[in-house]
Amino acid sequence: MQFMLLFSRQGKLRLQKWYVPLSDKEKKKITRELVQTVLARKPKMCSFLEWRDLKIVYKRYASLYFCCAIEDQDNELITLEIIHRYVELLDKYFGSVCELDIIFNFEKAYFILDEFLLGGEVQETSKKNVLKAIEQADLLQEFQEVLGVPRNPSPDSLSHVMNILMSQCTK
Amino acid sequence: MPAVSKGDGMRGLAVFISDIRNCKSKEAEIKRINKELANIRSKFKGDKALDGYSKKKYVCKLLFIFLLGHDIDFGHMEAVNLLSSNKYTEKQIGYLFISVLVNSNSELIRLINNAIKNDLASRNPTFMCLALHCIANVGSREMGEAFAADIPRILVAGDSMDSVKQSAALCLLRLYKASPDLVPMGEWTARVVHLLNDQHMGVVTAAVSLITCLCKKNPDDFKTCISLAVSRLSRIVSSASTDLQDYTYYFVPAPWLSVKLLRLLQCYPPPEDAAVKGRLVECLETVLNKAQEPPKSKKVQHSNAKNAILFETISLIIHYDSEPNLLVRACNQLGQFLQHRETNLRYLALESMCTLASSEFSHEAVKTHIDTVINALKTERDVSVRQRAADLLYAMCDRSNAKQIVSEMLRYLETADYAIREEIVLKVAILAEKYAVDYSWYVDTILNLIRIAGDYVSEEVWYRVLQIVTNRDDVQGYAAKTVFEALQAPACHENMVKVGGYILGEFGNLIAGDPRSSPPVQFSLLHSKFHLCSVATRALLLSTYIKFINLFPETKATIQGVLRAGSQLRNADVELQQRAVEYLTLSSVASTDVLATVLEEMPPFPERESSILAKLKRKKGPGAASALDDGRRDASSNDINGGVEPTPSTVSTPSPSADLLGLRAAPPPAAAPAPAGAGNLLVDVSSEGPAAQPGLGPTPEEAFLSELEPPAPESPMALLADPAPAADPGSEDIGSPIPEADELMNKFVCKNNGVLFENQLLQIGVKSEFRQNLGRMYLFYGNKTSVQFQSFTPTVVHPGDLQTLSGFLDRWAQLAVQTKRVAAQVDGGAQVQQVLNIECLRDFLTPPLLSVRFRYGGAPQSLTLKLPVTINKFFQPTEMAAQDFFQRWKQLSLPQQEAQKIFKATHPMDAEVTKAKLLGFGSALLDNVDPNPENFVGAGIIQTKALQVGCLLRLEPNAQAQMYRLTLRTSKEPVSRHLCELLAQQF
């Protein structure tokens, strides 16, 4: 796989992962072109298209488009299921994931992706193993926090965030 | 509870993200971001040391800002600091920042590599994985240099955790892809192959990708993986749908691993070991069988995963291309998918069948689905699926279904998406030509193409139809009739006018008998389109008109009227004006005989690769057309559909297609003539011009037998009133020089007058004088027989300028040669004289060619010689004192400025003769320069229009050894070598 892009129906890029070296300028150009191309397609159309010398495999989940660019000899259907497995992983981790989870916890979305795909190849397909790796990291963090310097969350800021989150989720 | 609370939430980050989301405008967002950047900057610069958490939070904010599409130019140092934090999430964010925002700041790279090195050595698997992920994400050469040697060790170490092995394998893959030279092969490779046997499915999944990549580069070193892969695959395929626990995906056992294993096997031919092969075939059959079983789940994920394996299996079967039974089963399976309700499956089935169509075993099976595919072309709602259908129709086309497929494609073209029209046009044109049984169908098809999609019909396509019509006399009458009818349409495409104009100009006489298409009718029909056409088309039509004057003398007055009209004679476009002037003069001055010769029908075109096919290849990239034009399953068709092979009566010589149409616009490269007997239309010929490839050109014997080429009438150069027609030296007129041409020319290196050539028929004498960069040469052609030579046409070309087409357009870049015309008849025993004015524009190495053609007793004769114009003719002798000579000699001391030759004397060594030769060569002879009086020293300047080349030479005879040593020094390397070679042959 050469790259993976997540973008919203409005064309906002939510996550980008590049497995080939490209300049920022090229990345932006590719993103712009592909987002336009994919958003212009009708719902019933097939999930694959030829684009430059690559094959694009995309699928829409709710408001988010997941879009992968693979090479000529790569398998389209299995790529479609890579996307689905990634969605399942996010879903399991966040608990019925929505676009907002990915916006507010983009770093987690990257960490999960790194456990699942590395260098553009599938590293681990077992949902359990991937999430175990992530949860271990979370546990490690909590463990360290118990031992480390405790932070003082001010109640005000916390409730501010919660309010915003609630209002966003109900929108 | 959602995982927002999991691990660690960074409040400040969440607040910032919310603020950005609440921004009502782009400006507000930028304002908020700038405020945050200023804040972060001040925090990073502040005196107070930041704690790890704050650093992490700010780095994360920077990352978010970057991902929004803004540039970030600071924070890298803080991110690098995070790498050495003990806290996992701080380290993790540090690595994420580095992965996303790495730059090649060398100072930082060193620090980053240091941190990675520490983590790799930490023996903490979680940290090791983070470090490996970072290397894999960045994949830069610097990282490769630092770690490529360590990672194989981690990968095969007995005590590495599974998760570390997985990351190490893919990390190594990324480094290997980026810089294979950095990854040392070694003992570890054998152990990597054995990871295929690993108990942990995740390890196998990661390792297969690495092994596949290594196999592609070193197939022989990894052959052992075949049997391991087959047994692993076999275990998966035969396992029950729940055996593999979490590696089962919607009741499909390990689909990702299966697909990867099947891909790995595609790096190799079928297994040689019968047992392994048997086991593999069994696997493939099982996959095909399972496709027929009822689905275990209605979920699309189930069928996708299952079919992913199925398609990969079919790819492997096609790759092997050796099991007819499996190929046909694969084809039937794909046939079912062609009508599946899932668009994705229809798309993939069409795509996969394209490759099946090129296998001789399954080609027939693919053909049975023609109706479904045609239906797909008509009814699919998605253009990318229709495109696949068009590709498949093209791939499955052969003699038996060509008419049906071509007519369906033509019908589709009327409604086709603009994006793919040109490609469809090319495909139709190729199929129509390749599978034409009768050429009237071919002509109809191409004219239909122009009618339906004229804008998308490229030059290659309509050039090709003209070539084919010109070469097939059985279709010429039909073509004339058809274009005449097509031109009746009130609005017809300009490409139709071009084709119509050309064909009627050549073959309009074939339909002139019918009063409905009498010459005046043909002319007025064409001329009615004239004013609406572009310059290029009008230029072509003017050529048609002059051809009409020859074909139909009754139209002469009308056409001369048109040419004489002010709108032509004083046309602002120089090409049109020139044609009008020249054609008008030609039509009034030349006798009917001359007209008939000049405007004779075009000779057949030489065999060459279809330029259309070349274009399609260019469009689709290499490899795309190989499946399409592969001749092996239809080898027998070549003899018929190589339809343009030259007829036996004429030996055609290559002619650049540009002049075919009399248009100066970008001519396709002239192809060399096909080897005798090769009727293959698709033969890949070199695109170099004939002059560049004397070996492929007609041999002198053939050239003597070949018929006289009619001069290309469309070339206005040929029709200038003053020079003879042959004064236009089209490259097509020139054969290879005769074998003794070099020898003959060498006689003139040191002298200017003499007999250049003589045989039983003809003697050619030369008298020439040169001053500075100018020269005048008189050529005397003596007819030694008692019979008149007819159509006597001497032509001079300079092959150095003709090797490329750009050179052709920019002719005489090195030499300008003006020739005066000679009489076309040379009486028996008479001599005619031709004057050549020569100007040397720049230094040159190859002499001009003189080609002489004439008819002797009706038999065409032709002969090509090298004209004795060598660069030393433009020598201006220079006298200088010994001191100056040595000073200059030293100045030219670069090794490439000197050329030296030591050679045996071929003539008696006589000092006086040598002196005369050196003087004849052009240089001044300097006495008292060389301390050895036996030696000769000379100096001179070669005068060209563009530059002067100073030359110094020294010749040292050794009478005892009967040898010479010749040394030349000039300021231009090729000139030194060339002069040295020319002169060395004289002694």
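Three exercises with worked solutions follow, on a predicted model.

Residues are numbered from 1 along each chain as written, and chains are lettered from A in the order in which they are written. Local features need pLDDT of at least 70 in this predicted model, and side-chain values use heavy atoms, without hydrogens and water.

**Exercise 1.** Find the strand order of the open sheet of five strands in chain A, and name its edge strands.

Solution. Strands are DSSP runs of E with at least two residues, numbered from the N terminus. Two strands pair if DSSP finds at least two bridges between them.
- The order is E2-E1-E5-E4-E3 (chain A), and the pairing is antiparallel.
- Strand E2 (13-18) and strand E3 (48-51) of chain A pair on one side only, so by the pairing rule of at least two bridges they are the edges.
- Five bridges join strand E1 (residues 3-8) of chain A to E2(A), and A:Phe3 stands opposite A:Trp18.

**Exercise 2.** Which strands form the open sheet of three strands in chain B?

Solution.
- The order is E6-E9-E10 (chain B), with antiparallel pairing.
- The edges are strand E6 (789-797) and strand E10 (859-866) of chain B.
- Strand E9 (residues 849-856) of chain B is joined to E10(B) by eight bridges, and B:Leu850 stands opposite B:Leu865 in E10(B).

**Exercise 3.** Compare the expected span of helix H27 (residues 494-507) of chain B with the distance between its end C-alpha atoms.

Solution. Helices are DSSP runs of H or I with at least four residues.
- The expected span is 1.5 Å times one less than the number of residues.
- For the 14 residues of H27(B) this gives 20 Å.
- The end C-alpha atoms are 19 Å apart, which agrees.
- Of the 14 residues of H27(B), 13 are buried (under 20% relative accessible area, 1.4 Å probe, protein chains only).

Methods. This is a predicted model: local features need pLDDT of at least 70, side-chain atom pairs count only at pLDDT 80 or more; totals for chains, interfaces and linings use all residues. Buried means under 20% relative accessible area, exposed over 50%, partly exposed in between (1.4 Å probe, protein chains only).
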